[in-house]
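Here's a short set of exercises to work through with the model open in your viewer. Try each task yourself before reading the solution.

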Amino acid sequence: MTQSKIDPARYGFPPGLSQPALRALLAADITSLEQVAAAGRKKLLKLHGLGPKAIPMLREALAESGLAFADEPSE
């Protein structure tokens, strides 16, 4: 059984985000950058498949959208 490739652009996620990270986000019903921001970095790191390499990518995508992780101080 093969899993189909997830297009990160469909959800507004950064293009370099790994497939395991994308599957982890979708499995947690996180389907937008707004939901990524609300979930916070600490919660995201607990998701199986989403590791520390994904956090800087998501942080940058959030910043470009005027968002930030809820559990990080805003600049």
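**Exercise 1: phi angles**

Which residue just after helix 4 takes a positive phi, and of about how many degrees? Then find a residue with a positive phi that is not a glycine.

*Solution.* Keep in mind that you're working with a predicted model.

Step 1. Walk off the end of helix 4 and you hit Gly-66, whose phi is positive at about 75 degrees.

Step 2. Now recall the background: most residues other than glycine have a negative phi.

Step 3. With that in mind, look at Asp-29, which isn't a glycine and yet has a positive phi of about 60 degrees. Asp-29 sits in the loop between helix 1 and helix 2. Its relative accessible area is 59%, so with the exposed class starting over 50%, Asp-29 is exposed.

**Exercise 2: the two sides of helix 4**

Work out which residues of helix 4 are buried, and how they are arranged around its axis.

*Solution.* Step 1. List the buried residues of helix 4, which spans residues 54–64: Ala-54, Ile-55, Leu-58, Ala-61 and Leu-62.

Step 2. Look down the helix axis: these buried residues fall within an arc of 130 degrees, so they line one face of helix 4.

Step 3. Check the spacing against helix geometry. An α-helix has 3.6 residues a turn, so residues three or four places apart point the same way.

Step 4. Flip to the other side of helix 4, where Glu-60, Ala-63 and Glu-64 are exposed.

Step 5. Finally, ask what the buried residues pack against: helix 1 (19–27), helix 2 (33–39) and helix 3 (41–45).

**Exercise 3: residues outside the helices**

Sort Ser-32, Lys-5 and Lys-46 into buried or exposed, and say where each one is found.

*Solution.* Step 1. Ser-32 is in the loop between helix 1 and helix 2. Its relative accessibility is 18%, and since buried means under 20%, Ser-32 counts as buried. Setting aside neighbours within four places in sequence, Ser-32 is in contact with Tyr-11 and Phe-13.

Step 2. Lys-5 belongs to the segment before helix 1, and its 74% relative accessibility makes it exposed. For a sense of distance, the C-alpha atoms of Lys-5 and Leu-62 are 23 Å apart, with their positions 57 residues apart in sequence.

Step 3. Lys-46 is in the loop between helix 3 and helix 4 and, at 73% relative accessibility, is exposed. Lys-46 and Leu-26 are 20 residues apart along the chain, and 14 Å separates their C-alpha atoms.

**Exercise 4: the whole chain**

Describe the fold pattern, and decide how the radius of gyration fits with that of a compact globule.

*Solution.* Step 1. Count the elements: four helices and zero strands, giving α-α-α-α along the sequence.

Step 2. For 75 residues, a compact globule would have a radius of gyration near 11 Å; the chain has 12 Å, which agrees. The C-alpha atoms fill a box of roughly 45 × 25 × 20 Å along the principal axes.

Step 3. Look at burial and contacts. Buried residues account for 35% of the 75 residues. Of the contacts between residues at least 6 apart in sequence, 43% join residues at least 24 apart.

Step 4. Turn to the surface: about 5,000 Å² is accessible, and 53% of that belongs to carbon and sulfur atoms. The chain has 9 positive and 8 negative side chains, and the centres of these two sets lie 9 Å apart.

How values were computed: Residues numbered from 1 in each chain as written. Predicted model: local features only at pLDDT ≥ 70, side-chain atom pairs only at ≥ 80, totals over all residues. Heavy atoms only, no water. Helix = DSSP H or I, 4+ residues; strand = E, 2+ residues; numbered from the N terminus. Rg over C-alpha atoms; globule rule 2.2 N^0.38 Å. Buried < 20%, exposed > 50% of the residue type's maximum accessible area, 1.4 Å probe, protein only. Contact = heavy atoms within 4.5 Å. Areas by Shrake-Rupley, 256 points an atom, 1.4 Å probe, with all protein chains shown as cover. Lys, Arg positive; Asp, Glu negative; His and termini not counted. Charge placed at Lys NZ, Arg CZ, Asp CG, Glu CD. Arc of directions from axis to C-beta.
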